[in-house]
Amino acid sequence: MKHHFIRAAALAWLVIPAAGMSAAAQTTTTAPVASYEVDRADILAMAGNYKVRFDMQESTAWRADYTPIEAKVSGGHESVRVIEDSGRRISLQHLLVIEHEGKTHVIKHWRQDWEYEPARVLVYSGPDSWTWRALSDAERKGKWSQTVWQVDDSPRYGGVGAWTTVGGVRRWESDGTWRPLARRDAVRGPVYDRYYGINRHQIAPAGWIHWQDNIKMGEFDGALKPVVQEYVLNSYTRFEAYPSKAADDYWAATKGYWAAIRAEWTRIGDAKNGIRITEAAEAGTVIASRLLEIADEVQSGKIKEADAIRTARALMDQATRAAGQ
């Protein structure tokens, strides 16, 4: 399977006090929640063409019998496109562009959806399960949710937070969020099976960063316990010297198909009171590889879009379960 192989190959704070201000004063100088329009501008600023560096490091072991693995650094080129902007809701699609055996390939990567003052957010609630979390008026006032979706547009994690200015730098920081294992860990079969983390996005002059502070958790003696701390810094630096047109060509050919897939996940989440689907180490879910292959078939003209959507919908409905099942 082309996507399976290529994707596997492709994915193989220091705060300085301002002059004349004490360190203690600097760390407590947090501006009020920025205006709605400024928040929107920061979210939209993440769109563009980038050279990306993925820097992942396990640090502190929380169990005496666990040794942190070596740090891993990888990278590539990624095109981020605005695929929806309805004011209070913005959707950004990430597309990896790689060279393999002399050919350019596009891999549909993750998607991030932002919603202003949402009534609910879809969160990871344990192996194979995502459920709705209702938000009170106080929890959502002036805040944005960020929901992250996997390569097949199935859910990954969701969080809520405010855009603020700290030390002169704009950032959005989530509440604590549960997340399933990323491929980098899932394929190793580790003793932990999920993360509990804080997510931060910060806009920089040359691009933006995505910072994660993760506690890797596992079940021991019938209870979830911490195993090791992990710090992840993904840096997106604006860069044009790669064939980003390939990403746009792929999206132009498959956007109708993927719009239908997104709509079907929404329908399933509402009809089945959340989304329950078996996770898969290599691809995220058991149907991800096939949904990506169908998209390739649409782009190549092997299958008509309407037939592709019909096949995908049936696959998704069969693979998901209602609450309590």
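**View 1. Arg 63 and Asp 65 pair in a salt bridge.** Arg 63 counts as partly exposed because its relative accessible area is 23%; partly exposed means between the cut-offs for buried (under 20%) and exposed (over 50%), taken with a 1.4 Å probe on protein chains only. Asp 65 has a relative accessible area of 59%, so this residue is exposed. The closest N and O atoms of the two residues are 3.1 Å apart. A salt bridge here is a side-chain nitrogen of Lys or Arg within 4 Å of a carboxyl oxygen of Asp or Glu. Side chains of opposite charge can pair when their charged atoms come close. A search of the whole structure finds 34 salt bridges.

The model is predicted: local features need pLDDT of at least 70, side-chain atom pairs count only at pLDDT 80 or more, and totals for chains, interfaces and linings use all residues. Residues are numbered from 1 along each chain as its sequence is written, and side-chain values use heavy atoms, with hydrogens and water left out.

**View 2. Arg 111 and Asp 113 form a buried pair.** Their salt bridge brings the closest N and O atoms to 2.8 Å. Both residues also belong to a network of salt bridges. Glu 84, Arg 89, Lys 108, Glu 115 and Asp 153 are linked in that network too.

**View 3. Asp 113 and Arg 89 help line the second largest pocket.** A pocket is an open set of points on a 1 Å grid over the protein atoms alone, where a 1.4 Å probe fits and protein lies on both sides within 12 Å along at least five of seven lines; lining residues have an atom within 4 Å of a point. The volume is about 390 Å³, meaning the space filled by probe spheres set on the points, which are joined across faces, edges and corners. The lining has 22 residues. Among those nearest the centre are Trp 132, Trp 149 and Thr 266. Helix H6 (245-271) gives the most, with 5 residues. Strands E2 (72-85) and E3 (89-100) are among the elements that each supply at least two. Helices (H or I, at least four residues) and strands (E, at least two) are DSSP runs, numbered from the N terminus.

**View 4. Asp 152 is buried without a salt bridge.** The residue lies in the loop between strand E7 (144-149) and strand E8 (155-166). Lys 108 has the nearest side chain of opposite charge, 6.7 Å away; Lys and Arg count as positive, Asp and Glu as negative, while His and the chain ends are not counted. The side chain of Asp 152 makes a polar contact with the side chain of Ser 154 at 2.6 Å. Such a contact is a pair of N or O atoms within 3.5 Å; within protein, one must be able to donate a hydrogen and the other to accept it, and residues adjacent in sequence count only if both atoms are side-chain atoms.

**View 5. Arg 290 meets Glu 297 in a salt bridge.** Arg 290 sits in helix H7 (residues 288-300). The N to O distance is 3.2 Å. At 32% relative accessibility, Arg 290 is partly exposed. Glu 297 is buried, at 16%. The C-alpha atoms of Arg 290 and Asp 152 are separated by 8.9 Å, with the two positions 138 residues apart along the chain.

**View 6. Arg 276 is buried and has no salt bridge.** This residue lies in strand E14 (residues 275-277). Asp 128 has the nearest side chain of opposite charge, 10 Å away. The side chain of Arg 276 reaches the backbone oxygen of Lys 272 at 3.3 Å. A polar atom of the same side chain lies 3.2 Å from the backbone oxygen of Asn 273.
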